[in-house]
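Let's walk through this structure together, one piece at a time. Keep the viewer open as you read, and follow along residue by residue.

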Amino acid sequence: MALVLVSSFVALAEEDNSLKAIQEKGYLILSLDDSFPPMGINDENGNIVGIDIDLTAEVSKRLGVEPKTQPIDRAAKKALLDGGNIDCI
């Protein structure tokens, strides 16, 4: 799944500068709902864990950047993506 995501991301990068922008800033921002198991949930220590976190960590590693997370504002998700405030949902 990570390979498919990376491949898709690279294909998209040929059409725009998203990949270059992520690599230049040095991190990949995942916006997620931390109350949607198993994709993301807060553990007993308050850390967000889950499939989305694991996948973002692997993609970030392959891109050579650090993963970052932030809560999603579902009403503004398109504007956040289009404005470059987040990189993926």
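A good place to start is S60, which is buried, its relative accessible area being 0%; buried here means under 20% relative accessible area, exposed means over 50%, and partly exposed lies in between, with a 1.4 Å probe and protein chains only. Before going further, note that this is a predicted model, in which local features need pLDDT of at least 70 and side-chain atom pairs count only at pLDDT 80 or more, while totals for chains, interfaces and linings use all residues. Residues are numbered from 1 along each chain as its sequence is written, and side-chain values use heavy atoms, with hydrogens and water left out.

S60 sits in helix 3, which covers residues 51–63. Helices (H or I, at least four residues) and strands (E, at least two) are DSSP runs, numbered from the N terminus. What does S60 touch, once its neighbours within four places in sequence are set aside? Its contacts are L28, V65, E66 and P67, where contact means heavy atoms within 4.5 Å. L28 lies 32 residues from S60 along the chain, and their C-alpha atoms are separated by 6.3 Å.

Now look at helix 3 as a whole. Its 13 residues should span 18 Å at 1.5 Å a residue, and its end C-alpha atoms are 18 Å apart, so the two agree; the expected span is 1.5 Å times one less than the number of residues. Along helix 3, the buried residues are D52, I53, L55, T56, V59, S60 and L63. These residues cover an arc of only 165° around the axis, which means that they lie on the same side of helix 3; the arc is that of the directions from the helix axis to the C-beta atoms. An α-helix has 3.6 residues a turn, so residues three or four places apart point the same way. On the face of helix 3 turned away from its buried side, you will find the exposed residues D54 and K61. Just after helix 3 comes G64, with a positive phi of about 80°.

Part of that buried side also belongs to a core. The largest nonpolar core has seven residues in all: L19, I22, L28, L55, V59, L63 and V65. A nonpolar core is a set of buried Ala, Val, Leu, Ile, Met, Phe, Trp, Tyr and Cys residues joined through side-chain atoms within 4.5 Å. Helix 2 (18–25) and helix 3 are the elements that give two or more residues to this core, and helix 3 gives the most, with three. In soluble globular proteins, nonpolar side chains tend to be buried together.

Next, the strands. Strand 1 (residues 27–32) is mostly covered, with five of its six residues buried. Strand 1 runs parallel to strand 5 (residues 66–71), and six bridges join them. One bridge to find in the viewer is that between Y27 and its partner in strand 5, E66.

Elsewhere, three strands form an open sheet in the order 2-3-4, with antiparallel pairing; two strands pair if DSSP finds at least two bridges between them. Strand 2 (35–36) and strand 4 are the edge strands, each pairing on one side only. Strand 2 and strand 3 (residues 40–42) run antiparallel and are joined by two bridges; S35, for instance, has I41 in strand 3 as its bridge partner.

The loop between strand 2 and strand 3 holds P38, and a cis peptide bond with omega of about 5° joins P37 and P38. Most residues other than glycine have a negative phi, and most peptide bonds are trans. G50 is in the loop between strand 4 (48–49) and helix 3. At 16% relative accessibility, G50 is buried, and beyond its neighbours within four places in sequence it is in contact with P38, M39 and G40. The C-alpha atoms of G50 and P37 are separated by 7.0 Å, with their positions 13 residues apart along the chain.

Finally, step back to the whole chain. Four helices and five strands make up its secondary structure, and from the N terminus on the elements run α-α-β-β-β-β-α-β-α. Of the 89 residues in the chain, 28% are buried.
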